[in-house]
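Student: I would like a close look at one part of this model. Please take me through it step by step.

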Amino acid sequence: MRVRAFTQDDAHIFCTEDQLAEECLKINELILSVYHDFGFDKIVLKLATRPEKRVGTDAMWDHAETVMTSVMSSIAGQYGNILTTSMNPGEGAFYGPKFEYVLNDAIGRDWQCGTTQVDFNLPERFGAFYIANNSEKTSP
């Protein structure tokens, strides 16, 4: 396909580990709302998990993948009429696991469109932190 225009809109949401599931669900609501407005009624949601080369500890990946698996089950339960789910093992970004939203166009081709990505790298590179309940600086 010839590209005539390209727009990429990103948002970076910094949150605590405890907020991860809630934020993933909110992002999902936004993404599915936009897709609905454009008439997409068959969506595949894939959870892309840890690649061989990655940043972050195994414990961080375990936690994020567990939360995202639970979120994916919740989304499937709520949107099972328009959405199917699958796993995409080893296809996460080097910096974290991600949800991939795959749409089908008018002539039957699949296109990965939106993503929700957990990033273990960016908060540290930005020096981002919040003050946790124990009054210590903690990386989101």
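Student: Which residues does Asn28 touch, not counting residues up to four places away in sequence?

Tutor: Keep in mind that this is a predicted model. Asn28 touches Ile75, Tyr79 and Tyr101, leaving out residues up to four places away in sequence. Asn28 itself is found in helix H1. Its relative accessible area is 1%. Buried means under 20%, so Asn28 is buried.

Now look at the helix around it. Helix H1 covers residues 20-37, and helix H2 covers residues 58-79. The two pack at an angle of about 40°, and their axes are 10 Å apart. That angle makes H1 oblique to H2. Their crossing is right-handed.

Which residues meet there? From H1 come Leu20, Ala21, Cys24, Leu25, Asn28, Glu29 and Leu32. From H2 come Ala64, Val67, Val71, Ser74, Ile75, Gln78 and Tyr79. Sorted by class, the contact of H1 with H2 has ten nonpolar, three polar and one charged residues. Asn28 is thus part of this contact, and two of its partners named above, Ile75 and Tyr79, are on the H2 side.

Next, try two other residues of H1. Glu22 is found in this helix. Its relative accessibility is 44%, so Glu22 counts as partly exposed. The C-alpha atoms of Glu22 and Val67 are separated by 9.8 Å. Along the chain, these two are 45 residues apart.

Glu23 also has its place in helix H1. Glu23 has a relative accessibility of 18% and counts as buried, because the cut-off is under 20%. Setting aside neighbours within four places in sequence, Glu23 is in contact with Ile13 and Cys15.

Last, step back to the core. In soluble globular proteins, nonpolar side chains tend to be buried together. Here the largest nonpolar core has 22 residues. Those with the most contacts inside this core are Leu32, Tyr35, Ile43, Leu45, Leu83, Phe99 and Tyr101. Four elements give two or more residues to the core: H1, strand E1 (43-48), H2 and strand E3 (98-104). H2 gives the most, with eight residues.

Tyr101 links back to your question: this core residue is touched by Asn28. Phe99 is worth a look too. Not counting residues up to four places away in sequence, its contacts include Cys24, Leu45, Met68 and Val71. Cys24 and Val71 also appear where H1 and H2 meet.

Note on methods:
Residues numbered from 1 in each chain as written. Predicted model: local features only at pLDDT ≥ 70, side-chain atom pairs only at ≥ 80, totals over all residues. Heavy atoms only, no water. Axes fitted to C-alpha atoms, helices over the stretch in contact; angles between N-to-C directions. Parallel < 35°, antiparallel > 145°, perpendicular 65-115°, else oblique. Left-handed = near helix turned anticlockwise from the far one by under 90°. Contact = heavy atoms within 4.5 Å. Nonpolar A, V, L, I, M, F, W, Y, C, P; charged D, E, K, R; others polar. Core = buried A, V, L, I, M, F, W, Y, C linked by side-chain atoms within 4.5 Å. Buried < 20%, exposed > 50% of the residue type's maximum accessible area, 1.4 Å probe, protein only.
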